There are 2 protein chains.
Amino acid sequence: MFSKATEYALRATIFIAQKGTEDNKIGIGEISKAIDSPPSFTAKILQALRKNNKIIRSVSGPNGGFYMTEKMRKLPVRAILEAMGENEMLDKCVLGLEKCSETKPCPMHSKYKIIKEQLIELFETKTIQHLADDIKNGAVFINNKSK
Amino acid sequence: MFSKATEYALRATIFIAQKGTEDNKIGIGEISKAIDSPPSFTAKILQALRKNNKIIRSVSGPNGGFYMTEKMRKLPVRAILEAMGENEMLDKCVLGLEKCSETKPCPMHSKYKIIKEQLIELFETKTIQHLADDIKNGAVFINNKSK
DNA sequence: ATAATTAAGGACAAATTTATCCTTAATTAT
DNA sequence: ATAATTAAGGATAAATTTGTCCTTAATTAT
Ligand code: FES
Ligand code: FES
C-alpha cells in the first residue's frame, strides 16, 4: 500500500509519540531497533519529517534525539502520509488512469470509490496519539519480527 | 495502490476482453494505444500473462495478436493481481510489519482489516467480463488521457 | 576549552521497477 | 518457397526507491 519510506515514517513517528518527550528524547538507534528499520535510512526520513513538515522535533548532542509535543501527537495519520508524498495514492485511479474522476471514471471507480473514502476517513480520524496509546495499552505492536 | 506493471496488466486485459476474440485478435500496438501504455513494456507483461498464467492467449503472424476465451473473461480481477505478484499487497500490514496477523497486530490493524476485506471481496467478485461490459455500455473508460 | 555524543547533510551504492531495442520464431498470404 | 506480419525472448538502459557511509554541526558534560 505505502512505500517502505512511508512505513518507516509511520512506525517511527508512532514510536516517538509513545516514548519521546522533551526531557526524554529518543535516539535513532533506539528507534530503528524498536521498529526494525535501517538506521541511516530512517534517519533521513525523520530529518525530512522534522525539517519540512514539523511533525517531529529533534536536538543534537548528548541526550539529544527525537520527540513530539502534545500538539504534534494529535496530528492525524494523514499528516504523515502527506509529508511522505503519499497524498497522490489516496487520490489515484486504481487502474492507473491519468486522473480518478467522476466524469471519466474507470470501470472500477464506482465500487472502489466507496472503499477509498473509508481509507481516507480512517487516516484522517486516527491520530498518532491514538496509535501510540494502543501500543501502551498492550494489545498491539509496532514490530512483530519473527526472530 | 498497484505497480505500473499491474495497472497496465489490468487495463490491457480489460481491453482485450472487450475487443479481442479468436477471429479478431488485437495487436500490441492497438492495445497500448488504447490504454495509453508503453508498447514494449506492455508486450512483456502480456507475454507473462499468457505464458505463466493463462489469462490471455496470443498467436504470432499476420492477423495475429491477443484475445481471450469466454472462460478467461470470467476470471476475477484477483486472478490478474495474483499473476502480477500483487497478492502480497492484499495480505500486507499497512504499517509494514513483517506479517499482518491477528495475534501480533499493528495499531491500525483492527480498523484497516475491515477495509482490506472489502477490497479483497471487490477483486474476487468483479470479473474481467464485468469491467469490459461496463466500457461497452459507455459510461466508463479505460483511458482518460487529457491531450 | 576540550572531549564526547548525537542529529544533519551530502555523496554515493545497491536493488528494484520501468522501459526500450533488437533478433528470433511463428504464422499467414502470395 | 518467399515475403510480410506479428508476438516471443533476451539484452540492456533509464529511472526510482532503498540503503550506506562519512563528514559537519550542534549540544552537553568535564
Ligand atoms: S477513475 Fe479509476 S478509481 Fe476513479
Ligand atoms: S498487522 Fe498491520 S494491518 Fe494487520
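I count a residue as near a molecule or strand if one of its heavy atoms lies within 4 Å of it. The model is predicted, so my local features need pLDDT of at least 70 and side-chain atom pairs count only at pLDDT 80 or more, while totals for chains, interfaces and linings use all residues. Residues are numbered from 1 along each chain as its sequence is written, chains are lettered from A and ligands numbered from 1 in the order in which they are written, and side-chain values use heavy atoms, with hydrogens and water left out.

**Entry 1: DNA strand D**

I began with the protein around DNA strand D. Which of the 28 residues around DNA strand D come nearest? I found A:Y8, A:P62, B:G27, B:K44 and B:S58. Among the strand's atoms within 4 Å of the protein, 63% belong to sugar or phosphate, and bases supply the rest.

Next I looked up polar contacts (pairs of N or O atoms within 3.5 Å; within protein, one must be able to donate a hydrogen and the other to accept it, and residues adjacent in sequence count only if both atoms are side-chain atoms). The side chain of B:S58 has an N or O atom 2.6 Å from a phosphate oxygen of DNA strand D. For A:K44, a side-chain N or O atom is 3.5 Å from a base oxygen of the strand. B:S60 places a polar side-chain atom 3.4 Å from a sugar or linking oxygen.

I then sorted this surface by element (helices, H or I, of at least four residues and strands, E, of at least two, as DSSP runs numbered from the N terminus). Two or more residues come from each of α1 (4-19) and α3 (39-51) of chain A, and from α3 (39-51), β1 (57-59) and β2 (65-67) of chain B. α3(B) gives the most, with 4 residues.

By class (Ala, Val, Leu, Ile, Met, Phe, Trp, Tyr, Cys and Pro nonpolar; Asp, Glu, Lys and Arg charged; the others, Gly among them, polar), I get 10 nonpolar, 13 polar and 5 charged residues near DNA strand D.

**Entry 2: chain B against chain A**

With contact meaning heavy atoms within 4.5 Å, I find 41 residues from chain B and 41 residues from chain A. The buried area (accessible area, 1.4 Å probe, that two parts lose on being put together, summed over both) is about 3800 Å², and carbon and sulfur atoms give 65% of it. B:M1, B:P107 and B:N144 supply 18% of the area that chain B buries here, more than any other three residues.

How many salt bridges (a side-chain nitrogen of Lys or Arg within 4 Å of a carboxyl oxygen of Asp or Glu) cross this interface? The rule finds 2. I noted the one between A:E7 and B:K92, at 2.6 Å from N to O. Polar contacts link 15 residue pairs across the interface, both residues at pLDDT 80 or more. On the side of chain B, α1 (4-19), α6 (109-125) and α7 (128-137) each give two or more residues, and α6(B) gives the most, with 7 residues. That side has 25 nonpolar, 6 polar and 10 charged residues.

**Entry 3: symmetry and fold**

I superposed the copies by least squares on the C-alpha atoms of residues with pLDDT of at least 70 in both. Chain B can be laid on chain A with an RMSD of 0.0 Å by a turn of 180° and a shift of 0.0 Å along the axis. The two copies are therefore related as by a two-fold rotation axis. B:M1 comes closest to that axis among the residues of chain B, at 2.7 Å (C-alpha). I also see that 100% of the interface residues of chain B are interface residues in chain A, so the copies meet through the same surface.

Last, I checked the fold of chain A: 7 helices and 2 strands, in the order α-α-α-β-β-α-α-α-α.
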